[in-house]
Amino acid sequence: MNTPTDAPWSAEQVTALAPDAQVSKAGLKLAAPGTWSGPGTDGTLLWGAARGSGKNPYKVCVDLTGPAFTCSCPSRKIPCKHTIGLLHLWSQGQVPSGEPSDYAADWAQARRKRAERKAARAAGTAPDADPATAAKRAKAARARAARREQRVTDGLADLDRWILDQIDQGLVTTSESRRTALRRLAARMVDAQAPGIAARLGALADLDDQGPDWLRALTSELGAIHLLARAWAGREHLPADLVACARREIGLTVPSEEVLAAPGVEDRWAVMGTRDREEGRVTARDFWLCGTSTGRWGRIIAYAREAEELPTTFSPGTLVRARLHFHPGPGLRALSLPEQPAAEPVAGWDPEPLSIAGAREAWRDALAADPWADARPLLVAGRLAADAEGRLALSPRKADGEQSDRGDAGEHSDRSDRAGASAALPLLRVGAHRRLTLSAVCDDVVVAGLICPQGLWPLSLLTEGTVVPL
């Protein structure tokens, strides 16, 4: 495979790979030599057959340089309990070295061939990529892209006219007529091959107009869509990065092969956390990574359909060495090849965090570069406090010069407290266990999170050079 691993992983590293607590607990129980027949490792490959409830044992293989896993059991969880059990057995030093078994060698060879074919496609050197065939395919692809762009142009023009009509007539119409119109327009955007716009309109159709802030949410989203329509209409006169943002929001994706063919960014990436979100019938999991040398952020997205387990490609709190290939534009989406690089614990990392004021400025800069950005990752330092509305928040540190502790107690102190509360950055959706975790650290904390107009969505804490997922 690649290079041999230096030493077996710790029990904590193995546990971090388990998709849930149930698999973690069951896997630990399977970490007994009597459960396995013919286990072995050659430094990059790990294999073994686990006795199960069926007639035949379950064959497990692990590519330790990925890591990547396979097991013949029927579980949909990846990695399954048998994989976790074998990894624990290996971490305990109870797996001997040897030559791969036939099933392990076959699996490793199949992985190598798939990787070679994928790399060849990305580089345009696949066996069937002769010049004539490649030129013909490229011409057909350009024609398809032109037809789709025209559909998008026509659809967005219709949608923008409807939005301007609503502004002229007034937005406070009956909810039923507005919902009907929005659903009709969403279907029109599907026909126009603009799925990103269709999703936005569908969400607006479901907006509850009994809520206290529904009109602001409606006008804000319609304004964003109007801006998107105007950007698309004038795309020939806009910077390339802004056009890339518009294409992303519309739903015009860039082929993975094209992204992987672009130069990558090599670094040791700290996995700061994950965030799940629903996209129709598909659940998306964002893995947020921060380069420990470059300071650059990247977002790897994994998808799972209904009844499928979300992948655990990257474990929060770990460090991975990988080359990330970024999509065009100022957005942070990236691809990694291989998909599951080897991981180790984060240790001795001491990045420079932003102050509260610096975090707000970073958010303004992000919006200036990408008007449709919903959030941006950053590291921010502050003191745990309550904001003006009593929510858990980060308030400015005195060391940052955003508050003053000079003067007499009394009126000046009250003014300072009120100023600190108004400048505080609310922490969003912090559950009880997270609140305890944050409070137990110290008053002066560094939080990795996603900043948005409502505040900061915490992902992890940085403490003593390590990353503690929340």
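**Overview: a predicted chain, part of it buried.** Buried means under 20% relative accessible area, exposed over 50%, partly exposed in between (1.4 Å probe, protein chains only). By that measure, 43% of the 470 residues of the protein chain count as buried. This model is predicted: local features need pLDDT of at least 70, side-chain atom pairs count only at pLDDT 80 or more, and totals for chains, interfaces and linings use all residues. Numbering starts from 1 along each chain as its sequence is written, and side-chain values use heavy atoms, without hydrogens and water. The protein chain has 13 helices and 16 strands. These are DSSP runs numbered from the N terminus: helices (H or I) of at least four residues, strands (E) of at least two. Contacts (heavy atoms within 4.5 Å) are often long in sequence. Among those with a separation of 6 or more, 64% join residues 24 or more positions apart.

**View A: the six-stranded sheet.** The sheet is open, and its six strands stand in the order β13-β12-β11-β14-β15-β16. The pairing is antiparallel; strands pair if DSSP finds at least two bridges between them. β13 (425-426) and β16 form the edges, each with a single partner strand, so one side of each has no neighbour in the sheet. Follow the order inward from β13 and the strand after β12 is β11. Continue along the sheet and β14 comes next, followed by β15 and then β16.

**View B: strand β14 inside the sheet.** β14 covers residues 444-452. Eight of its nine residues are buried, so the strand is largely enclosed by the rest of the structure. β11 (residues 376-386) flanks β14 on one side of the sheet order, and β15 flanks it on the other. Eight antiparallel bridges tie β14 to β11. To locate that pairing, find proline 377: its bridge partner in β14 is leucine 450. Seven bridges connect β14 with β15 (residues 455-463), again antiparallel. Here the marker is glycine 449 of β14, which stands opposite proline 458 in β15.

**View C: the β14-β15 hairpin and the route to β16.** A hairpin of two residues links β14 to β15. From β15 the chain passes through a loop to β16 (466-469), and glutamate 464 is found in that loop. The phi of glutamate 464 is near 55 degrees, which is positive in a residue other than glycine. Glutamate 464 is also exposed, at 79% relative accessible area. On either side of this loop, β15 and β16 run antiparallel and share four bridges. One of the partner pairs is threonine 463 with threonine 466 of β16.

**View D: helix α3, enclosed.** α3 (81-91) is preceded by a loop that starts after β4 (68-71), and proline 79 is found in that loop. The peptide bond between isoleucine 78 and proline 79 is cis, with omega about -5 degrees. Ten of the eleven residues of α3 are buried, so the helix is largely enclosed by the rest of the structure. The buried set runs through His82, Thr83, Ile84, Gly85, Leu86, Leu87, His88, Leu89, Trp90 and Ser91. These residues pack against two helices, α1 and α2, and against strands β1 (36-41), β2 (45-50), β3 (58-63) and β4. Just after the helix, glycine 93 takes a positive phi of about 75 degrees.

**View E: serine 24 in helix α2.** Serine 24 lies in α2, which spans residues 21-29. With a relative accessible area of 16%, serine 24 is buried. Leaving aside residues up to four places away in sequence, serine 24 touches Thr15 and Ala18. Of these, Thr15 falls within α1 (11-17).

**View F: the largest cavity.** A cavity is a set of points, on a 1 Å grid over the protein atoms alone, where a 1.4 Å probe fits but cannot get out; lining residues have an atom within 4 Å of a point. Points join across faces, edges and corners, and volume is the space filled by probe spheres set on them. The model holds two cavities of 30 Å³ or more. The largest has a volume of about 130 Å³. Its lining consists of 13 residues; Leu17, Pro67, Ser315, Thr318 and Ala343 lie nearest the centre. α1 and β8 (318-326) each supply at least two lining residues. α1 gives the largest share, three residues.

**View G: the turn at glutamine 193.** Glutamine 193 sits in the loop that connects α6 (175-191) to α7 (195-205). Its phi is positive, about 60 degrees, although the residue is not a glycine. At 31% relative accessibility, glutamine 193 counts as partly exposed.

Notes:
On a 1 Å grid over the protein atoms alone, a cavity is a set of points where a 1.4 Å probe fits but cannot get out, and a pocket is an open set with protein on both sides within 12 Å along at least five of seven lines; lining residues have an atom within 4 Å of a point.
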